[in-house]
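Got your viewer open? Let's take a walk through this one together, picking a few things to select at each stop.

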Amino acid sequence: MIFLKISLRNIIYMIKAIIFQIIISLPLFGQVITVKYGPLLTEKRTDTAMEKWRTNRFGQFIHWGLYAIPGGEWEGKIYTGAAEWLPVWAAIPSAHWDSLQYDFNPSRFDPKKWAKMAKHMGARYVTITTKHHDGFCLWPSKFTEFDVESTPYNNDLLRPFVDAYTEEGIDVYFYYSILDWHHPNWRKEIKSDSDQFAFEQFKSFTKNQLEELLKLYPEVKGFWFDGTWDQSWKLNGQFSYELENYLKKIHPGLIVNSRMRADEHGSRHRDSNGRLMGDYESGYERRLPDTGDTAIIQVDWESCMTIPENQWGFHKDWTTSHVKSPNELIEMLIHSVSLGGNFLLNFGPKADGTIRREEKRIAKEIGQWMEKYGEAVYNCGHAGLDKQDWGYYTKPKVGDNIYMTVFNIPINKKLKIRLPKGEQINKAYLLDRPNRSLEIQSYNKEISLVQIKTRSTSHPFVIVLELKRKES
Ligand code: H79
């Protein structure tokens with residue numbers, strides 16, 4: 001009887017599972033939802049601008065704005081949430097927050113120093129907050145008074161920033177928050193005709209500012225949109241489609257993240273049929289795809305990461321969460337590249353324009369590593385081999401070599417490699433010692449072992465693997 005009960009339950013469970021499978025695979029059976037305002041392109045872009053985006057692989061994110069002034073502290077109380085969300089955590093009235101602009105005077109801002117630091121870290125692109133959720137603009141905008149021109153600093157910050165980074169050969173991208181706590185016409189939800197009217201004005205304002213940014217800073221390579229999760233924006237799939245199209249027309253080669261878009265059914269990042277919108281998937285915020293999620297390589301994608309747990313803008317107290325070490329961050333970078341993605345590491349400069357000591361140190365240490373091993377990062381992607389516990393494989397776009405970045409040395413100092421059928425190892429050597437080959441042993445038909453010598457290192461290191469076809 002018990003047996004019967006269990007099997008009945010199992011049968012019900014199986015039926016449920018089958019129904020679920022059928023539902024999720026409906027698009028595969030041709031039950032495709034009609035989407036008019038989905039992706040502009042359904043394939044990966046192959047133009048030179050996008051190819052460059054792919055070769056860059058490592059970028060610097062910069063969150064800078066009025067939130068750097070309080071740095072997470074309001075009326076004597078430290079709020080441990082993200083510093084740029086302080087007006088929400090401390091329920092600060094808009095007018096009060098906005099008056100911070102009269103205290104904004106980054107007299108020590110020296111973008112050449114920032115750009116040099118980024119260059120030494122190995123960043124090939126930078127994404128800076130031109131306007132975050134509070135609506136404050138780092139450039140003199142014709143369309144608002146809530147900008148850097150109305151501060152005691154009264155100078156454009158973006159122009160010298162763009163110049164300094166461009167000078168160092170670093171591609172510049174603009175972060176832009178659609179959501180705007182300052183603008184009177186911003187709406188989270190459209191509940192009435194007057195909301196609708198206001199939001200139409202807001203859409204024009206958004207379009208005007210984006211056009212303005214492209215006109216003032218024609219060097220910019222793309223936009224990183226944020227703050228697009230509210231109902232008002234999700235209901236405007238047609239507008240975001242047309243806006244993406246328009247911006248790309250007036251600025252050929254422009255690169256736009258998936259977060260900008262919703263389709264006309266309100267589906268974000270991916271349309272209602274699961275197709276990526278924008279040029280790359282930008283949903284990986286403070287997280288990475290699982291190492292086994294090789295399906296992700298079908299699209300371009302980027303992960304953006306904070307150094308503490310969740311601080312983007314400058315926060316004066318970094319003791320309340322784990323602060324990632326350079327090695328942890330390098331691992332995240334390599335993890336991203338091994339799955340064909342980019343890694344954007346965040347920095348939150350202080351209100352005076354300087355960069356905090358902890359961030360400088362981290363940038364320097366990552367830079368020392370990149371100097372030695374950057375070959376395994378730039379222009380690299382998924383290697384097509386099964387991931388092993390010692391670390392990650394990456395493969396350059398050009399050439400046949402494969403890089404193994406080792407983070408965990410096994411007790412027996414033998415690194416397992418499972419090769420595809422018909423392949424064998426020709427040679428393996430340390431990237432920084434190309435003249436000395438490492439010994440290769442065969443474990444069984446499919447698995448080989450690379451023997452490493454005792455290597456006392458406090459950093460990950462890279463092995464180059466040369467493969468060749470097996471003679472049959
Ligand atoms: O700019 C950085 C963050 O400030 C910003 N994106 C990065 C790059 C960011 N803001 N919010 N989030 C990321 C996470 C979004 C949380 C939300 Fe909510 C959940 C928005 C709406 C629901 C939490 C709950 C915040 C508002 C309500």
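Start by selecting R54, which counts as buried because its relative accessibility is 10%. Here "buried" means under 20% relative accessible area, "exposed" means over 50%, and "partly exposed" is anything in between, worked out with a 1.4 Å probe on protein chains only.

A quick word before we move on: this is a predicted model, so local features need pLDDT of at least 70 and side-chain atom pairs count only at pLDDT 80 or more, while totals for chains, interfaces and linings use all residues. Residues are numbered from 1 along each chain as its sequence is written, and side-chain values use heavy atoms, with hydrogens and water left out.

**Stop one: around E51**

Keep R54 selected and add E51. Their side chains meet in a salt bridge, with N and O 3.2 Å apart. A salt bridge here is a side-chain nitrogen of Lys or Arg within 4 Å of a carboxyl oxygen of Asp or Glu. Both residues sit in helix 2 (residues 48-56), three residues apart, or about one turn of the helix. Helices (H or I, at least four residues) and strands (E, at least two) are DSSP runs, numbered from the N terminus.

Is E51 buried or exposed? Neither, quite: E51 counts as partly exposed, because its relative accessibility is 23%.

Now add K397. E51 forms a salt bridge with K397 too, and the closest N and O atoms are 2.9 Å apart. This pair links distant parts of the chain: E51 is in helix 2, while K397 is in the loop between strand 12 (391-396) and strand 13 (402-406), 346 residues apart. K397 itself is exposed, with a relative accessible area of 54%.

**Stop two: another pair, and a network**

Select R356 and E358. Their side chains also meet in a salt bridge, 3.2 Å from N to O. R356 is buried at 5% relative accessibility, whereas E358, at 32%, is partly exposed. For a bigger group, highlight R45, D47, E244, K248, R261 and D279: salt bridges that share partners join them into one network. How many salt bridges turn up in a search of the whole structure? The search finds 28.

**Stop three: the ligand**

Next, click on the ligand and show its surroundings. The residues around the ligand are F61, H63, E84, W85, H132, H133, Y175, W224, D226, W229, E285 and W312; each has a heavy atom within 4 Å of it. By class, this shell has six nonpolar, three polar and three charged residues. For the classes, Ala, Val, Leu, Ile, Met, Phe, Trp, Tyr, Cys and Pro count as nonpolar, Asp, Glu, Lys and Arg as charged, and the others, Gly among them, as polar.

Try some distances here. An oxygen atom of the ligand is 2.6 Å from a side-chain N or O atom of H63, and an oxygen atom of the ligand is 2.7 Å from one in the side chain of H132. On E285, a side-chain N or O atom is 3.1 Å from a nitrogen atom of the ligand.

**Stop four: strand 19 and its partners**

Select strand 19 (residues 461-469). Seven of its nine residues are buried, so strand 19 is largely enclosed by the rest of the structure. Two strands count as paired if DSSP finds at least two bridges between them.

Add strand 13: five bridges join strand 13 to strand 19, and the two run antiparallel. One place to look is V406, whose bridge partner in strand 19 is F461.

Then add strand 15 (residues 423-430), which pairs with strand 19 in the antiparallel sense over seven bridges. Here E423 has R469 as its bridge partner in strand 19, and Y429 has V464. Y429 also has a bridge partner in strand 16, namely S437. Strand 15 and strand 16 (residues 433-437) pair antiparallel over two bridges, forming a hairpin with two residues between them.

**Last stop: a three-strand sheet**

Finally, select strands 14, 18 and 17. In that order, the three strands form an open sheet with antiparallel pairing. Strand 14 (414-418) and strand 17 (439-442) stand at the edges, each with a single partner strand, so one side of each has no neighbour in the sheet. Zoom in on strand 14 and strand 18 (residues 447-451), which pair in the antiparallel sense over five bridges. K414 stands opposite Q451 in strand 18.

Technical notes. Polar contact = N/O pair within 3.5 Å; in protein donor to acceptor, adjacent residues only side chain to side chain.
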